[in-house]
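Please look at the sequence and the model first, and keep both in view while reading. The paragraphs after them go from the interior outwards.

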Amino acid sequence: MAPHPIIQAIIDFTAGAAGGTACVLSGQPLDTTKVKMQTFPNMYRGFIHCFMSTFRQVGVRGLYKGTTPALIANISENSVLFLSYGFCQDVVRSLVSAEADHELSDIQKAFSGSLASIFSSMVLCPTELVKCRLQAMYEMEASGKISQGQRRVWTVVKKVMEKNGPLGFYQGLTSTVVREFPGYFCFFGGYEVSRSTFAHYMGTDKDGIGILPLMFSGGFGGACLWLLIYPIDCVKSRIQVYSLAGRQEGFLKTFMGIVHKEGFSALYSGLTPTMIRTFPANGALFLAYEFTRKILMDAADT
């Protein structure tokens, strides 16, 4: 028997939080490298150069710069994402006139993920803005775009409030929504299709495929997401980081400025660490989510 809707919502919210925590802890150094390469593509020769330069300049702590807002961002995003994902699946069932316990197809689940991403974008944008600014702070100071001494979470938050007020945290919201909606269709779609494929060849259901196929499916979903939305993410990072030094243009003007001045390839700067990161980080996300959800669902049934 399905749990009460409120209990189900708490389970989805908690499992999403567990997944978000696992994602950050397993992938933060590579995410930091990605943001640095997106915002200062001419400062580094490539992924290894950026990674090693950061390590030499500021040590291991530099690779984990922005971990606190990243944890807040990912826990908030994934809690709301998976809570909304469960709700949006019910909406899709209503649209196709299916029963409440009807198992949706992989495409229908992908569409549910797209809808859920609209809600998660609202909590993700403010925390990701702080995270991206902290991750690129060394380069902003070194290039003379901002003054020294702004490398703490509270300092960044205070600056945004003083300069733009609460709405300042939503700089880059348009590009976040534009990124998330198609991205999460691919994310959940890739994850479910991969799980279905493993289940078919192993002669079992999706829940019985085991840990490694589950983690691979999570990584595959992440790879599908990033390959599609990476240029949009690059524009979002530029808007959120460069707005620290003054007024930054909107999504379309920033996009056209990058293409005109730096070429189309600049939109893919930092893709290598992103693709390396996606398998362990998103594999850990779905592993933590599925196992936490299973434990809580079993507990709710007793």
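What follows is a walk through a predicted model, taking in its nonpolar cores, its aromatic rings, its spaces and one residue in detail.

We begin with the nonpolar cores. The largest of them has 24 residues. Within this core, the residues with the most contacts are Leu81, Phe82, Tyr184, Phe187, Phe188, Leu225 and Phe286. Two or more of its residues come from each of these helices: H1 (5-39), H3 (67-95), H4 (106-135), H7 (173-202), H8 (211-242) and H10 (271-301). Apart from this core lies another, made of eight residues, including Leu129, Val130, Val156 and Val160. As a general point, nonpolar side chains in soluble globular proteins tend to be buried together.

Phe82 gives a view of the contacts around one residue of the largest core. Leaving aside residues up to four places away in sequence, Phe82 touches Asp12, Gly16, Phe188, Leu285, Phe286 and Tyr289.

Next come the aromatic rings. The structure holds 20 aromatic pairs. A pair of aromatic rings is described by the distance of the centres and the angle of the planes. For Tyr191 and Phe286, the ring centres are 3.7 Å apart and the planes stand at 15 degrees; an angle under 30 degrees counts as stacked, so this pair is stacked. Tyr191 belongs to helix H7 and Phe286 to helix H10, so the pair ties together parts that are 95 residues apart in sequence. Both Tyr191 and Phe286 are buried.

Phe216 and Phe220 form another pair. Their ring centres are 6.4 Å apart and their planes are at 15 degrees, so this pair is stacked too. Here both residues lie in helix H8, four residues apart, which is about one turn of the helix. Are these two rings buried or exposed? Phe216 has a relative accessible area of 39% and is partly exposed. Phe220 is also partly exposed, at 31% relative accessibility. Ring pairs also link Phe82, Tyr85, Tyr184, Phe187, Phe188, Tyr191, Phe286 and Tyr289 into a cluster.

The model also contains enclosed and open spaces. One cavity of 30 Å³ or more is counted. About 330 Å³ of space lies in the largest cavity. Its lining has 25 residues, and those closest to its centre are Asn74, Glu77, Tyr184, Trp226 and Arg277. Helices H1, H3, H4, H7, H8 and H10 each supply at least two residues of this lining, and H3 gives the largest share, six residues. By type, the lining of the cavity divides into 11 nonpolar, five polar and nine charged residues.

The largest pocket holds about 1400 Å³ of space. Of the 43 residues that line this pocket, Gln8, Arg93, Glu103, Arg293 and Met297 lie nearest its centre. At least two lining residues come from each of H1, H3, H7, H8 and H10. The lining of the pocket is made up of 21 nonpolar, six polar and 16 charged residues.

Last, consider Phe251, which lies in helix H9 (residues 251-262). Its relative accessibility is 22%, so Phe251 counts as partly exposed; the limit for buried is under 20%. What does Phe251 touch, not counting residues up to four places away in sequence? It is in contact with Ser175, Ile232, Val235 and Ile239. The C-alpha atoms of Phe251 and Gln171 are separated by 9.8 Å, while the two residues are 80 residues apart along the chain.

Methods:
Residues are numbered from 1 along each chain as its sequence is written. This is a predicted model: local features need pLDDT of at least 70, side-chain atom pairs count only at pLDDT 80 or more; totals for chains, interfaces and linings use all residues. Side-chain values use heavy atoms; hydrogens and water are left out. Buried means under 20% relative accessible area, exposed over 50%, partly exposed in between (1.4 Å probe, protein chains only). Contact means heavy atoms within 4.5 Å. A nonpolar core is a set of buried Ala, Val, Leu, Ile, Met, Phe, Trp, Tyr and Cys residues joined through side-chain atoms within 4.5 Å. On a 1 Å grid over the protein atoms alone, a cavity is a set of points where a 1.4 Å probe fits but cannot get out, and a pocket is an open set with protein on both sides within 12 Å along at least five of seven lines; lining residues have an atom within 4 Å of a point. Grid points are joined across faces, edges and corners, and a volume is the space filled by probe spheres set on the points. Ala, Val, Leu, Ile, Met, Phe, Trp, Tyr, Cys and Pro count as nonpolar, Asp, Glu, Lys and Arg as charged, and the others, Gly among them, as polar. Rings of Phe, Tyr and Trp (its six-membered ring) pair if their centres lie within 6.5 Å; planes under 30 degrees apart count as stacked, over 60 as edge-to-face and the rest as tilted.
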